Amino acid sequence: MISEAGRTFIENCIKADTERDKGLTTPDDIERFDDILYGEDSKWQIMDVYRPKNFEGKLPVIVSSHGGGWVYGSKEVYQFYCMSLAQRGFAVVNYSYRLAPEFKYPAAIEDTNLVYTWIMANGEAYDMDVNNIFALGDSAGAQIAGIYAAILTNPAYAANYSFKTPEGLKISALGLNCGKYYVRPEEPDGFWSELMPEAGTVNERRLISVVHHIKDNYPPCYIFTSNGDFLKDEPKALTEALDKAGVEYESVEYGTKDKMLYHVFHCNIKSEDAKKANDEECAFFKKYIK
């Protein structure tokens with residue numbers, strides 16, 4: 001059962017996200033395919049695919065892992081943000097996954113693997129270019145995307161998981177936004193006690209910390225935070241790990257001394273600051289299209 005703090009967090013997220021997206025509708029230039037079953041659970045394991053209308057040929061793919069502290073969120077909450085990415089010239093996969101505390105770690109990672117397995121098997125039917133797949137996530141979703149990239153590129157780390165990744169899958173680049181990449185042993189429990197099977201032991205915290213599992217074949221990364229983000233110090237440990245492994249990246253903090261931007265500001269597609277961040281992240285991805 002979720003804690004009182006968790007319930008309050010979810011209530012606040014629902015209120016903020018509803019206000020953020022008020023008045024938004026599906027853009028006229030977007031074609032959407034909704035509620036595609038990628039697993040066996042019709043409540044949780046569903047996804048949408050968005051494409052620019054009237055585009056002939058295959059498109060590079062963005063797979064979006066939503067945020068929400070591992071206890072909140074869905075593809076519905078991220079639909080307008082993800083459709084705005086599709087307008088930038090991508091086929092975008094927007095998926096829901098099983099949430100804690102009902103489903104403990106690694107349920108979300110297992111679901112993520114099912115999504116990529118579905119893409120590799122079915123993507124061509126939606127004119128997806130499966131040789132150019134990009135992954136992004138924010139907040140908890142950045143941890144999910146970052147960990148899944150580590151599973152794909154670090155066989156020793158992948159051995160911690162029982163599933164098999166799809167043959168031929170390669171993530172061309174990662175977008176890691178306002179994320180959590182290092183769970184320190186001394187940190188307060190936070191949501192770890194609800195997410196992890198053993199309530200967030202030292203070993204579990206290491207297991208879910210992206211920074212511990214990066215090798216030299218890790219995908220190039222576009223990393224951003226903002227000056228008002230409560231996780232704005234997180235990229236430091238991540239960029240140190242990427243430097244050590246020799247992985248390419250760009251790291252950006254958005255906002256100015258005259259304008260504070262807060263956690264996951266980029267999901268508010270009505271904002272010019274979000275437009276700038278999302279434009280620049282998609283431009284980074286396009287550098288790696290082959």
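Student: What links Tyr 222, Phe 224, Tyr 254, Phe 265, Phe 284 and Tyr 288 into a cluster?

Tutor: Ring pairs do the linking. Rings of Phe, Tyr and Trp (its six-membered ring) count as a pair if their centres lie within 6.5 Å; planes under 30 degrees apart are stacked, over 60 edge-to-face, and the rest tilted. Before we go on: this is a predicted model, where local features need pLDDT of at least 70 and side-chain atom pairs count only at pLDDT 80 or more, while totals for chains, interfaces and linings use all residues. Residues are numbered from 1 along each chain as its sequence is written, and side-chain values use heavy atoms, with hydrogens and water left out.

Student: How many aromatic pairs does the structure hold?

Tutor: There are 20.

Student: What makes the pair of Tyr 95 and Tyr 97 tilted?

Tutor: Their ring centres are 5.9 Å apart, with 55° between the planes. That distance is inside the 6.5 Å limit, and the angle is neither under 30 nor over 60 degrees, so the pair is called tilted. Trp 118 and Tyr 126 get the label tilted too, at 5.5 Å centre to centre and 50° between the planes.

Student: Why is Tyr 95 called buried?

Tutor: Buried means under 20% relative accessible area, exposed means over 50%, and partly exposed is in between (1.4 Å probe, protein chains only). Tyr 95 has 0%, so it counts as buried. Tyr 97 also has 0%, so it is buried as well. Trp 118 and Tyr 126 are both buried too.

Student: What about Arg 98: why is that one buried?

Tutor: Its value is 17%, which is under 20%, so Arg 98 passes the test. You'll find Arg 98 in the loop between strand 4 (91-95) and helix 3 (107-122). Helices (H or I, at least four residues) and strands (E, at least two) are DSSP runs, numbered from the N terminus.

Student: How do you know that the side chains of Arg 98 and Glu 110 make a polar contact?

Tutor: They come to 3.1 Å. A polar contact is a pair of N or O atoms within 3.5 Å; within protein, one must be able to donate a hydrogen and the other to accept it, and residues adjacent in sequence count only if both atoms are side-chain atoms. At 3.1 Å the pair is inside that limit, so it fits. Leaving aside neighbours within four places in sequence, Arg 98 is also in contact (heavy atoms within 4.5 Å) with residues including Trp 44, Phe 103 and Asp 111.

Student: What makes the peptide bond from Ala 100 to Pro 101 worth a look?

Tutor: That bond is cis, with omega near 0°. The bond from Tyr 105 to Pro 106 is cis too, with omega near 10°. Pro 101 lies in the loop between strand 4 and helix 3, and Pro 106 is found there as well. Most peptide bonds are trans, and most residues other than glycine have a negative phi.

Student: Which sign does phi of Cys 178 have?

Tutor: Positive: phi is near 50°, in a residue other than glycine. Cys 178 is buried, at 1% relative accessible area. Ala 199 has a positive phi too, about 70°, but with 36% it is partly exposed, because that value falls between 20% and 50%.

Student: Which residues touch the most other members of the largest nonpolar core?

Tutor: Tyr 105 and Tyr 218, out of 98 residues. Helix 4 (residues 140-153) gives the largest share of this core, nine residues. A nonpolar core is a set of buried Ala, Val, Leu, Ile, Met, Phe, Trp, Tyr and Cys residues joined through side-chain atoms within 4.5 Å.

Student: In what order do the eight strands form the open sheet?

Tutor: The order is 1-2-4-3-5-6-7-8, with mixed pairing.

Student: Why do strand 1 and strand 8 stand at the edges?

Tutor: Strand 1 (30-37) and strand 8 (249-254) each have a single partner strand, so one side of each has no neighbour in the sheet. From one strand to the next, the twist averages 20°.

Student: How do you know that strand 1 pairs with strand 2?

Tutor: Pairing needs at least two bridges found by DSSP. Strand 1 and strand 2 (residues 46-52) are joined by six, so they pair, and they run antiparallel. Phe 33 stands opposite Val 49 in strand 2.

Technical notes:
Axes fitted to C-alpha atoms, helices over the stretch in contact; angles between N-to-C directions.
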